[in-house]
Amino acid sequence: MLKRRRYLIEVLTAIGLIAAPFVLPQLGFTPTTINRILVWGLFGLGFDILFGFTGLLSFGQSAFFGTGGMVAAYLLTRLDFPSVVLALVIGTLAATVVGFIVGLIALKRTGIYFAMITVAIAEVFYFVEFNPLSEYTGGENGLPGVPAPSVHLGFTTIQFNTDWSMYIFLAFWYFVGVVVALRIVRSPVGAILRAIRDNPLRAAAVGHNVHGYKLMAFVVAVAYAGFAGGLLGLMQGFMPPDAFTFDTSGQLVMQTAIGGAGTLFGPLIGAAVWLYLSDFFQTTLHLGATWKLVLGVVFVLLVCFLRRGLIGGLLDFGALFTRRRRRTPPERAPIPVDVASLASLGPPRRRDEAPFSGPVIEVRGLTKSFGGLVANKDINFSVQQGELRAIIGPNGAGKSTFFKMLTCEMSPTSGHIFFHGRDITGKSVASVCVLGLTKSYQVNQLFNQLTVRDNVIIAALADRRGTFAPDLFRRLQSVPGLDAQVDATLAMVGLSDRADLSVAELAYGEKRRLEIGLALATSPSLLLLDEPLAGMSPRERGETVQLLKNIRRGRTLVVVEHDMDAVLELAERITVLHEGAVLAEGAPSEIQRNNLVQEAYLGGVAAA
Amino acid sequence: MVNWANFVSQLFNGLVLGALLALMASGLTIIYGTLGVLNLAHGAMFMLGGYAGWLAFTYTNSFVVAVIAGSLFVMLVGVVMERVIIRYFYARPHEDQLLVTFGLGIVFVETVRFFFGSLSRTVPAPPGLVGITPLGFMLYPTYRLALLGIVLVALLALYLVLYRTRIGMVVRAGIEDSAMVDALGIDVHKVFMLVFGIGALAAGFAGIVNAPVVSIAPDVGEAILVQTFTVIVIGGVGSFPGAVLGGLIAGEIISLTSMFNPGYSQVMLFVAMTLVLVLRPYGLLGTAGRE
């Protein structure tokens with residue numbers, strides 16, 4: 001379906017842009033208003049990639065809108081720069097460089113911190129523009145006299161000096177902006193950005209450099225802002241200093257939320273609503289500043305009741321009808337999967353490194369203390385190629401801490417971890433995952449807003465592309481080997497026929513299998529499983545034990561599990577942790593007979 | 001070149017501004033720490049306090065009544081806002097909370113503009129506190145001196161409520177782990193409402209006591225909100241001592257830089273914030289794990 005309609009949105013956008021000058025004036029939009037809508041819509045395209053797709057709410061985009069605009073306007077007015085487009089590009093580059101540095105600082109923290117820092121940074125730009133740099137920016141007067149753009153075609157020169165010719169110029173750039181944004185959204189990076197919004201912790205755990213991708217989204221947003229700022233100056237023939245104000249950032253955020261974040265066209269729709277209301281209240285009703293009060297109320301109501309904005313609301317409304325038609329058969333109960341018969345994934349992809357014959361993982365003197373509490377003390381541990389090792393121990397024995405240190409989610413207080421003979425102590429979770437070591441979580445860590453297939457795609461991507469790759473314009477479908485790996489993983493965990501459902505629609509046992517599937521899709525040579533049977537019914541346990549038996553072909557597995565029957569059935573060797581230290585290690589039969597182990601588990605009752 | 005009297009008076013100005021920012025930041029940070037909501041309408045509440053106080057003053061001509069009216073009105077606004085809107089946002093993502101409080105801030109500002117216009121208003125200092133006090137080494141406006149005392153008393157009161165009362169203990173426990181407080185059988189919802197009210201009260205109080213120094217206008221809260229954010233990033237989210245320390249640092253940076261060039265005060269504040277972010281990402285007195 002998607003393939004057939006590959007350029008549908010692009011074509012519809014082009015049709016809309018061509019039709020707009022004929023339709024919108026009938027509705028009361030003036031040409032100037034329409035042009036402003038386009039500039040704000042373009043500004044918003046980048047912002048939506050940052051906010052709607054990545055989940056980073058910046059209240060400081062005015063800084064880059066202003067910077068791009070001022071640089072372009074300065075080049076055109078003070079330096080009589082010959083080419084308008086080149087000035088736009090240089091302005092955009094300047095904004096991008098500045099934005100990259102700002103991003104480095106602002107992205108040190110996430111959530112509300114990010115919002116606060118961006119506000120503070122934008123305020124600095126505002127003050128700098130007004131005071132220290134006023135010689136260049138015109139201070140509170142801005143930069144007047146920005147020439148209208150023109151294009152030299154050799155035989156003739158096209159001037160974009162009227163409202164409607166300016167519309168053509170702006171519509172062209174808006175269209176380019178949409179095409180680029182769609183490419184980004186459909187690229188592997190776009191998929192990863194959505195995963196980061198959904199569950200940044202897991203996105204890192206399956207091998208993605210979350211900070212790097214966030215910075216990339218920020219830089220994309222900044223570039224759009226800079227370019228749109230340049231267009232603002234061209235459109236008005238004047239670069240206004242109020243592009244730098246907090247109100248500009250606020251307006252962008254509100255327009256995006258009104259139209260619908262995560263839709264790309266939300267900011268455009270939001271801008272249309274905003275500017276139309278402003279015109280209507282001020283020129284038709286003569287109510288002056290009241291429009292902003294009305295808008296504020298409308299905005300609050302929208303955020304309360306229509307959280308995905310106007311476009312999101314329309315899509316949801318439309319989905320009500322299509323779903324009723326499409327899904328008349330009632331939801332089926334989850335069908336038990338005959339896991340034994342499922343395809344095996346085959347051995348993990350060989351990473352090109354020198355063959356290593358020692359233990360897959362080796363831990364020396366690993367200690368972790370939290371203040372005075374020692375969770376792990378001086379653990380020595382190693383697992384051979386192809387082994388299935390179980391780690392058991394009473395609650396509080398330090399198993400989870402140990403696992404977290406193995407995957408580098410937590411750094412040890414002292415000691416070293418060697419993976420295939422390489423010291424990985426202190427590396428990031430993402431880079432360790434790409435080396436071939438990952439974990440499935442005790443509590444599901446899925447991408448809940450994505451489909452089952454997309455979940456697995458996210459996990460397989462880092463294995464295919466590494467922790468970070470700037471392939472913004474590559475199609476997701478064209479990543480070599482991705483489809484095969486995703487299909488094989490889905491088949492392996494018995495979710496092939498559930499691939500297009502969203503995670504929320506899965507039964508618990510299926511979510512557990514997907515949890516393991518995410519880890520498997522990263523093609524690990526060593527897979528850590530943290531209580532894979534937790535919370536399962538007896539039948540689901542049986543299925544999962546069989547699944548683990550399938551998985552282990554060609555892989556090394558370490559399992560933390562409380563289900564002793566499963567442990568004894570699966571494991572070749574068992575390591576017992578007790579009070580943060582290794583109590584015993586050996587074959588299942590040895591462990592069963594071990595007095596110390598019995599004592600630890602049964603609380604000092606001497607076994608006969 | 002540096003004039004010592006000027007320097008000391010700027011130092012005092014910084015202290016006054018710092019105390020005010022500390023009060024604003026404390027209000028914001030106890031709300032965030034307990035409820036997990038960053039209230040972007042906090043600046044608008046500062047403004048509301050000023051206007052409510054100004055309105056009360058025009059009717060009664062009493063500064064004390066103005067302060068009480070301004071503070072209580074904003075507290076009421078906070079409580080109503082929490083009951084009617086904010087509580088439905090606890091379970092929603094941070095972005096939605098930011099959006100709704102941002103929108104409410106605009107509604108507050110524009111409502112005030114609708115009724116009272118954009119012109120700025122002044123509330124005179126109370127009769128006994130007008131004029132200039134000689135401090136021996138310099139002359140200093142009496143009300144500013146009094147303001148420093150007033151705000152410090154307010155901070156002390158907030159400290160006593162937070163650290164010496166049962167409700168304060170619950171609030172501090174809630175900042176640590178609100179789910180656990182809930183599990184202990186304490187009615188968290190009532191606490192949430194109260195905390196939002198206290199946070200709003202702090203903003204409203206700051207708004208009216210500052211009115212004799214800086215005249216009020218509908219958008220007066222915006223600049224102070226931005227500075228409050230910087231204070232919190234410097235001091236650390238969810239930390240009352242951090243808010244006080246951050247406030248004083250920010251106040252002094254702004255004042256002392258203004259002595260040389262007011263245009264750079266915001267820049268220097270930003271430099272300080274960046275330094276803190278690089279050296280101590282969780283703020284001077286903040287702890288890891290709060291986002």
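In this predicted model, strands β11 (residues 526–530) and β12 of chain A run parallel and are joined by 5 bridges. One facing pair across this junction is L528(A) and V558(A), the latter in β12(A). Between the two strands lies a crossover: β11(A), helix α20 (residues 538–551) of chain A and β12(A) together make a right-handed β-α-β unit.

Strand β12(A) also pairs with strand β7 (residues 388–392) of chain A, through 4 bridges and again in parallel. Here L388(A) stands opposite L557(A) of β12(A), and R389(A) stands opposite V558(A) of β12(A). The residue V558(A) therefore faces L528(A) as well as R389(A), and it belongs to a strand whose residues, 5 of 5, are buried, so that the strand is largely enclosed by the rest of the structure.

How are the two faces of β12(A) covered? On one side T556(A), V558(A) and V560(A) are buried, and on the other side L557(A) and V559(A) are buried. A residue counts as buried here if 20 or more other C-beta atoms lie within 10 Å of its own.

The wider setting of these strands is a sheet of chain A. This open sheet has 6 strands in the order β10-β11-β12-β7-β13-β14, with mixed pairing. Because β10 (437–440) and β14 (581–586) of chain A each have a single partner strand, they stand at the edges, and one side of each is left without a neighbour in the sheet. On average, neighbouring strands of this sheet are turned by 20° against each other, direction ignored.

Helices of chain A accompany the sheet. Helix α15 (residues 399–406) of chain A packs on the sheet and touches β7, β10, β11, β12 and β13 (573–578) of chain A. The direction of α15(A) makes about 150° with that of β11(A). Helix α19 (residues 508–521) of chain A lies across β10 and β11 of chain A and runs at about 175° to β10(A).

On the scale of the whole chain, the domain assignment divides chain A into domain 1 (8–320) and domain 2 (356–602). The C-alpha centres of domain 1 and domain 2 of chain A are 43 Å apart. Their contact takes 23 residues from domain 1 of chain A and 31 residues from domain 2 of chain A. On the domain 1 side, the elements giving two or more residues are α7 (163–186), α8 (188–198), α9 (200–205) and α10 (210–236) of chain A. Of these, α8(A) gives the most, with 7 residues.

A further contact joins chain B to chain A, with 33 residues from chain B and 35 residues from chain A. On the chain B side, α4 (94–116), α8 (220–235) and α10 (265–279) of chain B each supply at least two residues. Helix α4(B) gives the most to this side, with 15 residues.

The table sets out the classes of residue on two of these contact sides.

| Contact side | Nonpolar | Polar | Charged |
|---|---|---|---|
| Domain 1 of chain A, touching domain 2 of chain A | 12 residues | 6 residues | 5 residues |
| Chain B, touching chain A | 20 residues | 7 residues | 6 residues |

Conventions. Residues numbered from 1 in each chain as written. Chains lettered and ligands numbered in written order. Predicted model: local features only at pLDDT ≥ 70, side-chain atom pairs only at ≥ 80, totals over all residues. Buried ≥ 20, exposed ≤ 12 C-beta atoms within 10 Å, placed from the backbone. Pairing = 2+ DSSP bridges. Right-handed = clockwise from strand over helix to strand, strands pointing away. Axes fitted to C-alpha atoms, helices over the stretch in contact; angles between N-to-C directions. Contact = placed C-beta atoms within 7 Å. Domains from an automatic or database assignment. Nonpolar A, V, L, I, M, F, W, Y, C, P; charged D, E, K, R; others polar.
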